[in-house]
Amino acid sequence: MMLDFSVKMKTESISLFYDKTEALKKISLAIPAHQITAIIGPSGCGKSSFLRLFNRMNDLIWKARVTGQVYLDAVPLYDPKIDVVELRKRVGMVFQKPNPFPMSIFENIAFGPRVHGCHDKAKLDEIVERCCLRAALWDEVKDKLRDSAFALSGGQQQRLCIARVLAVDPEVILLDEPCSALDPASTMRIEELMQQLKSQYTIIIVTHNMQQAGRASDYTAFMLMGDLIEFSSTKEVFTSPKDKRTEDYITGRWG
Amino acid sequence: MRRASGTENQKKREGRLAGKTVVENSFFGIHPLLASPKKFSKENLIRWIITATGWITVIILTLIMLLLFTEGLPIFSTTNPFSFIFTTDWYPVSDPPVFGILSFIVGSLMVTLTALVIAVPIGVAASAFLAEIATPTLREIIKPIIELLAGLPSIVLGFIGFLLLAPVVQNAFHLSTGLNGLTAGIMLAFICLPTIVSISEDSLSAVPKEYKEAAYALGATKWQTIRRVLIPAARSGIMASVMLGVGRAIGETMVVLMVAGGRLALPNFITDPLSAMTGRIAIEINNAVFGGLQYQALFAMGIVLFLMTLAVNIIADLVLEKQRRRYA
Ligand SMILES: Nc1ncnc2c1ncn2[C@@H]1O[C@H](COP(=O)(O)OP(=O)(O)O)[C@@H](O)[C@H]1O
Ligand SMILES: [Mg+2]
């Protein structure tokens with residue numbers, strides 16, 4: 001494939017096995033820096049499994065096994081010498097269901113910096129404010145930072161989770177269907193937020209929502225049953241898909 | 001978690017008993033309007049059985065309390081309650097007899113505290129290991145073994161303490177006897193460890209995996225995830241496990257009887273031979289004249305024991321309630 005972008009992350013014939021079933025089949029894909037890459041495909045095709053390769057979250061799954069390689073810049077992530085903690089600082093993740101900790105809003109955002117050794121109160125205050133501002137959350141929470149995160153609405157909780165990721169200052173942000181549990185207005189806010197963030201971060205978003213991929217991403221990858229079918233600029237994928245299966249899927253003809 | 005939710009269930013049950021709103025129109029997930037008439041009556045039967053069980057529990061508990069109080073309280077017509085609790089002279093068969101149980105209260109507290117100091121950190125660490133570090137296979141092997149230990153008759157532990165631990169303690173601290181509070185405390189720790197490990201592990205494993213994933217995804221280490229996310233999220237279950245452990249330790253009779261040394265005086269150090277309330281009651285109740293003063297005094301000691309466990313439970317409940325409200 002011709003690449004006319006600078007590459008932030010890339011997978012090289014990566015396969016993932018859950019015990020003996022092969023969930024991902026030798027996928028090679030390059031992720032452009034400072035762009036939003038959408039991963040689309042029907043439910044169960046392996047989008048989440050694929051996304052979790054980029055910060056090695058699959059390590060947590062008992063009996064999951066990986067072959068192939070993923071690179072962050074030039075660093076091979078599946079090298080035995082890699083420090084996974086350090087990797088996850090550089091590649092943050094936002095989950096499908098907003099999952100704030102059962103702590104205050106402040107504690108949630110300060111969690112990352114704290115586990116990475118920052119205990120200075122003034123510094124933490126500064127980080128919390130900056131990350132809330134960047135996650136478009138500050139106005140809504142600035143007077144109740146000590147309240148439980150569960151008091152926030154679903155959309156606010158998801159932006160809190162984004163702020164929490166920003167607080168560890170990652171280079172790449174992975175989002176796994178971040179809007180699937182949210183109402184349309186909250187969804188729009190998160191999409192706007194992604195546009196604001198992409199100048200500083202490389203973003204990969206999994207979505208089952210075709211419109212979302214179409215309007216919010218720069219590049220799109222289409223997956224089917226553990227295979228990568230097509231990857232190109234979003235415009236191209238949506239206007240002139242090369243593969244018949246991609247066309248069927250985005251036009252809604254896919255089963 | 002299973003057992004930990006007992007108090008909550010009980011509260012719900014009491015709510016129902018008090019005639020508050022019955023919230024079970026979707027019991028077992030079946031809406032009564034959608035369920036067939038047959039299922040509906042089965043559901044009623046189940047509800048009836050649960051209500052009846054609740055009532056029976058309450059009645060039996062009340063009867064036990066009544067028994068304790070009717071047999072024990074009369075002692076306070078001859079012995080002043082203050083000196084009963086706060087003096088250390090225990091001459092149950094002198095004429096006139098003297099009943100001061102402070103030595104035994106202190107003895108019970110000392111061995112129980114020792115047991116907790118040993119069992120809580122070890123128990124919580126072991127449960128965190130099982131829940132988060134051990135592989136599923138290892139967990140499936142270890143957990144049943146620990147639960148089996150919980151069923152070990154305490155007299156067996158008493159023998160182990162007597163034969164194996166007592167000499168070790170005696171030599172280690174250069175004591176005149178190895179049968180003392182420390183030996184008893186260590187053996188009591190063994191008694192409450194399985195409870196603490198098993199219930200804490202349940203509640204750690206019940207922490208939503210979303211919290212765990214969020215922590216790891218932020219670059220937290222295993223240790224940080226356990227300490228900052230899992231344990232705080234599971235603390236009500238862990239607290240409950242500790243409280244149940246305390247309950248077992250305070251109430252344990254055989255082990256303290258066998259290895260605590262049985263001295264009647266007020267213990268100064270944990271390494272002194274001492275007596276706990278349970279052991280004292282067990283030893284003397286057979287010699288006491290039915291309905292006599294000694295008999296009354298022993299029952300009154302039972303009341304003190306009962307109130308102490310009650311206090312532990314109430315405090316635990318208050319703490320848990322406060323935490324529940326904080327992050328509700
Ligand atoms: N932890 C797991 N253990 C075993 N199989 C899994 C696990 N997670 C996902 N799978 C399987 O892998 C396939 C891809 O799942 P997933 O990545 O969640 O798909 P998607 O996110 O596209 O819906 C599915 O068939 C699913 O059943
Ligand atoms: Mg998914």
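A polar contact is a pair of N or O atoms within 3.5 Å. The structure treated in these exercises is a predicted model.

**Exercise 1. Ligand 1 in chain A**

Determine which residues surround ligand 1, and identify polar contacts among them.

Solution.
Step 1. The surroundings of ligand 1 consist of A:Y18, A:A23, A:P42, A:S43, A:G44, A:C45, A:G46, A:K47, A:S48, A:S49 and A:I61.
Step 2. From A:Y18, a polar side-chain atom lies 3.4 Å from a nitrogen atom of the ligand. Against the cut-off of 3.5 Å, this pair counts as a polar contact.
Step 3. A:C45 takes part through its backbone, with an N or O atom 3.3 Å from an oxygen atom of ligand 1.
Step 4. A:S48 places a polar side-chain atom 2.7 Å from an oxygen atom of ligand 1.

**Exercise 2. Backbone geometry**

Locate A:D19 and the peptide bond from B:D95 to B:P96, and state what is notable in the backbone of each.

Solution.
Step 1. As a reference, most residues other than glycine have a negative phi, and most peptide bonds are trans.
Step 2. A:D19 belongs to the loop between β1 (7–18) and β2 (21–32) of chain A. Its phi is near 55 degrees, a positive value although the residue is not glycine.
Step 3. In chain B, the peptide bond from B:D95 to B:P96 is cis, with omega near 0 degrees. B:P96 itself sits in the loop between β1 (90–91) and β2 (98–99) of that chain.

**Exercise 3. Helices α4 and α5 of chain B**

Characterise the packing of α4(B) and α5(B) by angle, distance, handedness and contact residues.

Solution.
Step 1. Two packed helices are described by the angle between their axes and the distance between the axes.
Step 2. For α4 (residues 102–133) and α5 (residues 136–150) of chain B, the axes come within 9 Å and cross at roughly 150 degrees.
Step 3. Angles over 145 degrees count as roughly antiparallel, and α4(B) and α5(B) are therefore roughly antiparallel to each other.
Step 4. Their crossing is left-handed.
Step 5. On α4(B) the contact involves B:F129, B:L130 and B:A131, and on α5(B) it involves B:L138, B:R139, B:I142, B:K143 and B:I146. By class, six of these residues are nonpolar, none is polar and two are charged.

**Exercise 4. Helices α8 and α9 of chain B**

Carry out the analogous description for α8(B) and α9(B).

Solution.
Step 1. Helix α8 (residues 209–217) and helix α9 (residues 222–233) of chain B pack at an angle of about 150 degrees, and their axes are 10 Å apart.
Step 2. The two helices are therefore roughly antiparallel to each other.
Step 3. The crossing of α8(B) with α9(B) is right-handed.
Step 4. B:Y211, B:K212, B:A215 and B:Y216 of α8(B) meet B:K222, B:T225, B:V229, B:L230 and B:A233 of α9(B). This contact comprises six nonpolar residues, one polar residue and two charged residues.

**Exercise 5. Helices α3 and α6 of chain A**

Describe how α3(A) and α6(A) pack.

Solution.
Step 1. The angle between helix α3 (residues 105–115) and helix α6 (residues 154–166) of chain A is about 35 degrees, with their axes 7 Å apart.
Step 2. The crossing is right-handed.
Step 3. A:I105, A:N108 and A:I109 of α3(A) contact A:L160, A:A163 and A:R164 of α6(A). The classes are four nonpolar, one polar and one charged.

**Exercise 6. The surroundings of B:V312**

State which residues B:V312 touches beyond four places in sequence.

Solution.
Step 1. B:V312 is part of helix α13 (residues 293–326) of chain B.
Step 2. Leaving out residues up to four places away in sequence, B:V312 touches B:M243, B:V246 and B:I250.
Step 3. B:G262 is 50 residues from B:V312 in sequence, and their C-alpha atoms are 25 Å apart.

Technical notes
Residues numbered from 1 in each chain as written. Chains lettered and ligands numbered in written order. Predicted model: local features only at pLDDT ≥ 70, side-chain atom pairs only at ≥ 80, totals over all residues. Heavy atoms only, no water. Axes fitted to C-alpha atoms, helices over the stretch in contact; angles between N-to-C directions. Helix = DSSP H or I, 4+ residues; strand = E, 2+ residues; numbered from the N terminus. Parallel < 35°, antiparallel > 145°, perpendicular 65-115°, else oblique. Left-handed = near helix turned anticlockwise from the far one by under 90°. Contact = heavy atoms within 4.5 Å. Nonpolar A, V, L, I, M, F, W, Y, C, P; charged D, E, K, R; others polar. Near = heavy atom within 4 Å. Polar contact = N/O pair within 3.5 Å; in protein donor to acceptor, adjacent residues only side chain to side chain.
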